[in-house]
Amino acid sequence: MAAAPGLSGGRGSIGVVRTISGDVARRTFLAAQGFTDPRPSGPVTRRHLQRVLDRIKLLQLDSVNVAVRSHYMPLFSRLGDYPPALLDDAAWSPSARRPRLLAETWAHEASLVPVTDWPLLGHKTLPRRWWKHYAPLLERHPTLAGDIRAVVAERGPIGAGAIEKALAPEGRAGDVRPRPPGATWWERSEVKQVCEYLFAVGELAVGTRRHFERRYDLPERVLPPEVFAAPPPDPADAARALVAKSAAALGIGTETDLRDYYRLGPERTRTAIAELVEAGELEPVAVRGWARPAYRSPSATVPRAVSGRALLSPFDPLVWERDRAERIFGFRYRIEIYVPEAKREYGYYVFPFLLDGALVGRVDLKADRVAGVLRVPGAFAEPGRGLPESRIAAELAAELTTMACWLGLDGVEVGERGDLAAALRSALRAG
């Protein structure tokens, strides 16, 4: 590692900083994300779940269930075959013996975060996001938010549809617009919109889910008493804590990387970075090939090498920031769900494949639960990765087989698309 002259920091100039290679930055990132931790050799337990959460800090939620819902996949990528009920219990079905570990809130996007982090993510810390557009709705129905809270207090945990039905007999729903018959996922009733607003600003929480529907409850009935009763953190202190968590999860990152992890505002992030640098809790570094200054977490480690394999959800923190994935791995990745089928380059729901610290391929995946198979409509090798196609195919076949078993499917079937498809079929047959 060499020294480089001053970089521009948050509050002023930073003197001499270390210069590190892109390869060191890549290995630092992979270690921070848990890809140098060995997978469990025996049953996966709550302790293993906690280890992953300590690494990546949050699990992004998403409604797409083509292969598996996104919040389950980062744990599989790092732990291998594990019981999904382990996560369900930690997030939505706590008990006296197994208390709640995770709560839903808005972070990177809608996410599961450790319950102790919930206060840091209050709406005074995050920028005003989509919920700012609900102000006119609240003005049109000034009593609706209070009425919804009253129903939740009486009947929660409860879904938005049941809340609307509970309000209707007493006329408390007023002239709110219901969800029209045959509506799409995003065509929400006004009651649902207000529920989501109250959830976003922390006045409601998610007590549980049924068939992935949020069941709203009061925060004091969802969060541990010591978390709910704690005074709200100062927004500047919360931002500083979140930037430090971002740095620990990434190992190393630019200002925009650190900001994106929890979707903080730019000014608040820059101030927090400057304060953390001044306190010695972030180290400014230069990374060869990166156009912007970077910051390294003091807890970051640099493994000599990274081995092992993993399939990655499109919403895994290793790849969810597409520009970062391209900068670190040379891997251009775009999700093509909303691209017309004829114009898709790789497929509807494509998983990058990580092997020995490099993104070496990608597979379009679909869990066909009726037929009992994990379908691979397309499999593609990344050019110029320096690994034999036969090895990539063999490792990918093994990981797909493990994933199929984890999902309760009987096998893997590979389609015709992609330059890796034939080799993957052969590797699966060789098994």
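Which residue of E7 is the bridge partner of Trp106? In this predicted model, the partner is Ala110. The two residues belong to a pairing between strand E6 (residues 102-106) and E7 that is antiparallel and counts five bridges. Getting from E6 to E7 takes a hairpin of three residues. E7 also has a partnership with strand E5 (residues 59-60), again antiparallel, this time with two bridges. Here Leu59 is matched with Leu112 of E7. As for its surroundings, strand E7 (residues 110-114) has five of its five residues buried, so the rest of the structure largely encloses it.

The story carries on in E5 with Gln60, which sits in that strand. Is Gln60 buried or exposed? With a relative accessible area of 7%, Gln60 is buried, because the cut-off for that label is under 20%. Leaving aside residues up to four places away in sequence, Gln60 touches Ser70, His71, His108, Glu109, Ala110, Ser111, Phe315 and Trp320. So Ala110, the bridge partner of Trp106, turns up again in this list of contacts.

Val17 offers another buried spot, with a relative accessible area of 4%. This residue is part of strand E4 (residues 17-20). Along the chain, Val17 and Pro293 are 276 residues apart, yet their C-alpha atoms are separated by 9.8 Å.

Turning to sheets, five strands make up an open one in the order E13-E14-E15-E16-E17, with mixed pairing. Its edges are strand E13 (309-311) and strand E17 (411-417), each of which pairs on one side only. On average, and ignoring direction, neighbouring strands in this sheet are turned by 30 degrees against each other. At the E13 edge, the pairing with strand E14 (residues 350-355) is antiparallel and runs over three bridges. Arg309 is found opposite Leu355 of E14. Helix H15 (residues 389-406) is laid across E13, E14, strand E15 (358-368), strand E16 (373-381) and E17, and runs at about 55 degrees to E13.

Among the helices, helix H7 (residues 160-167) and helix H8 (residues 190-200) have axes that come within 9 Å and cross at roughly 120 degrees. That angle is why H7 counts as oblique to H8. The crossing of H7 past H8 is right-handed. On the H7 side, the residues that meet H8 are Ala160, Ile163, Glu164 and Leu167. They meet Val191, Lys192 and Cys195 of H8. An α-helix has 3.6 residues a turn, so residues three or four places apart point the same way.

Helix H13 (residues 266-278) rounds things off. Its 13 residues reach 18 Å from the first C-alpha to the last, close to the 18 Å expected at 1.5 Å a residue. Which residues of H13 are buried? They are Thr269, Ala272, Ile273, Ala274 and Leu276. Their cover includes helix H11 (235-250), helix H12 (255-262) and strand E12 (294-296). After H13 comes Gly280, with a positive phi near 75 degrees.

Technical notes
Residues are numbered from 1 along each chain as its sequence is written. This is a predicted model: local features need pLDDT of at least 70, side-chain atom pairs count only at pLDDT 80 or more; totals for chains, interfaces and linings use all residues. Side-chain values use heavy atoms; hydrogens and water are left out. Helices (H or I, at least four residues) and strands (E, at least two) are DSSP runs, numbered from the N terminus. The expected span of a helix is 1.5 Å times one less than its number of residues. Buried means under 20% relative accessible area, exposed over 50%, partly exposed in between (1.4 Å probe, protein chains only). Contact means heavy atoms within 4.5 Å. Two strands pair if DSSP finds at least two bridges between them. Axes are lines fitted to C-alpha atoms, for helices over the stretch in contact, and angles run from 0 to 180 degrees between N-to-C directions. Angles under 35 degrees count as roughly parallel, over 145 as roughly antiparallel, 65 to 115 as roughly perpendicular and the rest as oblique. A crossing is left-handed if the near helix is turned anticlockwise from the far one by less than a right angle, and right-handed if clockwise.
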